[in-house]
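Hi,

Here is the structure I said I would pass on. Have a look at it first, and then read my notes underneath.

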Amino acid sequence: MLEELPLVLDRTAADPLSVQVAAGLRAAANSGVLRAADRLPSSRALARQLGVSRTVVAAAYDQLHAEGWLIGKQGSGTYLTTAPAAPPVRTLPVAGPDEDAELLDLFPGAPCVEALDQAAWRRAWRAAGDNSAVVRRDRAGEPDYRDAVVEHLLRHRGLRAGSDTMVLSTAGTSSAVGEFAHAVLRPGDVVAMEDPGYQRAMGAFLAAGITVRPVPCDADGLRVDLIPDGVHAVYCTPAHQFPLGARMPAARRVELVEFARRAGVPIVEDDYDGELRYDTAPLPLLAAMAPDVVIHLGTTSKILSPALGVGWLVAAPGIVQAVLAYRERTGSGPSPAGQHVFTELARHGDLARHLRRLRRTLPPRRELLVSELRRRGLPVLGDDAGSHVVVPLPSAAAEDQAVAEGRARGIALDGLARHHLATQQNPYPRVPQSATQSPPPALGRHTFGITLGYAALSLADLARAVPIAADCLARVAASTHRRTPGVRSPTHGWSSPNRRRRA
């Protein structure tokens, strides 16, 4: 029953008050405020609310009874008998598998929630609920959460946070990028960013008034030699380049750190899925190599669930203090709830057990996908890490065809074109090269293809979706080759970075 009906009476109007009450109830029913089977207040209660006599409300109810709007039930009250259906809720279009909930989701960037121990998950939420309600948030994050992050980074990423650096909780990597951009950079500053790269990070920079300069990637990640002069920061994903999947080798990491120190600019290291490594031990984080110039970002969204909505930032004290000052000015900061849940998972060892389970669960999924693709002669880009791979295609038109065919057959595929930060009409800066040394190919500028995530679906649904995806991509690759005589087939013109041994 609605305790307070939105009825307004005009005592100066010519219409009697009972007529106004009846009209107001009809309008409430027509607008959806009142719905069929809703119980109305008693005539005495509504009269008290409106400041009129009970006879006014009783007359209005009698009129609506006569019209068939209301029905009285002995000993129960007065109910609305009918009302129009509520108008449909308008939804905004989105780029992703949510466009159609019926599609099997092969987009990248999703966690493997099937690997979650549901008992541990529920236990952590219950334990988090035992915390006292927060009166004022700690802008830096809950102390227990930050302690848990320090331990997690030491055990699982080899980073000793907290000695020369400080740890902040965040609402995730995109939010942390935005806070860094607002707190440390100034509108008009220039950030160098991998191309193709993470669109939401670019969006966070642009929202802060920052200019983004795309830098091509090759099989080893960001091309440091192509970073333009005059940048104020560099953003990269060295552990597992998004979306191409390359791992930045040690020599390239040293080159990047030397560039940052020489130019006096910070590096934003987005370690979005660095815990998900299967083939070898991960290389040292940039933040471990150069804590003086690296801002390290991590998130729980890829290893646990976006439901937590938390991550972390590790940086030198000056950066951290600038971000805290920004939070004080804006009243922003991550919610404590997700921090409490992560803390409980870490406290009881469930987080470590979950990560071990992920490292057992994801490789067979990857193998299922990769073997199906290679059985059809399709190349695969990306290291044995994370939760997605890339199948290159020769053009944006081929991408569109693959996405359309996949959708028609019930799967959601993600094209690489949308991850490019600039079109080919905005060329990258040309850097002179030694005549005796050819640089590795800049895959980023002309890369088209499909990114295939293998974590979001249940194993049963993945087994259904993978043959469909492989078949769609093989058909598109074959048809494109037939339409372009004299051009090497895309299934033979690429090499996969994970096929060669790394130093």
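A word on cavities before anything else: on a 1 Å grid over the protein atoms alone, a cavity is a set of points where a 1.4 Å probe fits but cannot get out, and its lining residues have an atom within 4 Å of a point. Grid points are joined across faces, edges and corners, and a volume is the space filled by probe spheres set on the points. By this rule there are five cavities of 30 Å³ or more.

Please keep in mind that this is a predicted model, where local features need pLDDT of at least 70, side-chain atom pairs count only at pLDDT 80 or more, and totals for chains, interfaces and linings use all residues. Residues are numbered from 1 along each chain as its sequence is written, and side-chain values use heavy atoms, with hydrogens and water left out.

Back to the cavities. The largest cavity holds about 70 Å³ of space. Its lining is made up of 13 residues, and R157, A239, G274, R277 and P282 are the ones nearest its centre. Sorted by class, the lining has five nonpolar, three polar and five charged residues (Ala, Val, Leu, Ile, Met, Phe, Trp, Tyr, Cys and Pro count as nonpolar, Asp, Glu, Lys and Arg as charged, and the others, Gly among them, as polar).

Next, the strands. Helices (H or I, at least four residues) and strands (E, at least two) are DSSP runs, numbered from the N terminus, and two strands pair if DSSP finds at least two bridges between them. Eight strands make an open sheet with mixed pairing, in the order 5-12-11-10-9-6-7-8. Strand 5 (166–170) and strand 8 (221–222) each have a single partner strand, so these edge strands have one side without a neighbour in the sheet. Within the sheet, strand 9 (residues 233–236) and strand 10 (residues 267–270) run parallel and are joined by three bridges; C236 has E269 as its bridge partner in strand 10.

Strand 3 (residues 77–80) runs antiparallel to strand 1 (residues 39–40), with two bridges between them, and R39 is partnered there by Y79. Four bridges also tie strand 3 to strand 2 (residues 70–73), again antiparallel, with L70 opposite L80. Three residues lie between strand 2 and strand 3 in their hairpin, where G75 takes a positive phi near 75°.

One last spot: is S479 buried or exposed? S479, in helix 15 (residues 459–483), is buried (under 20% relative accessible area, with a 1.4 Å probe and protein chains only), at 10%. A polar atom of its side chain lies 3.0 Å from the backbone oxygen of V476.

Cheers

Methods. 1 Å grid on protein atoms, 1.4 Å probe; cavity = no way out; pocket = protein on both sides within 12 Å on 5 of 7 lines; lining within 4 Å. Buried < 20%, exposed > 50% of the residue type's maximum accessible area, 1.4 Å probe, protein only. Polar contact = N/O pair within 3.5 Å; in protein donor to acceptor, adjacent residues only side chain to side chain.
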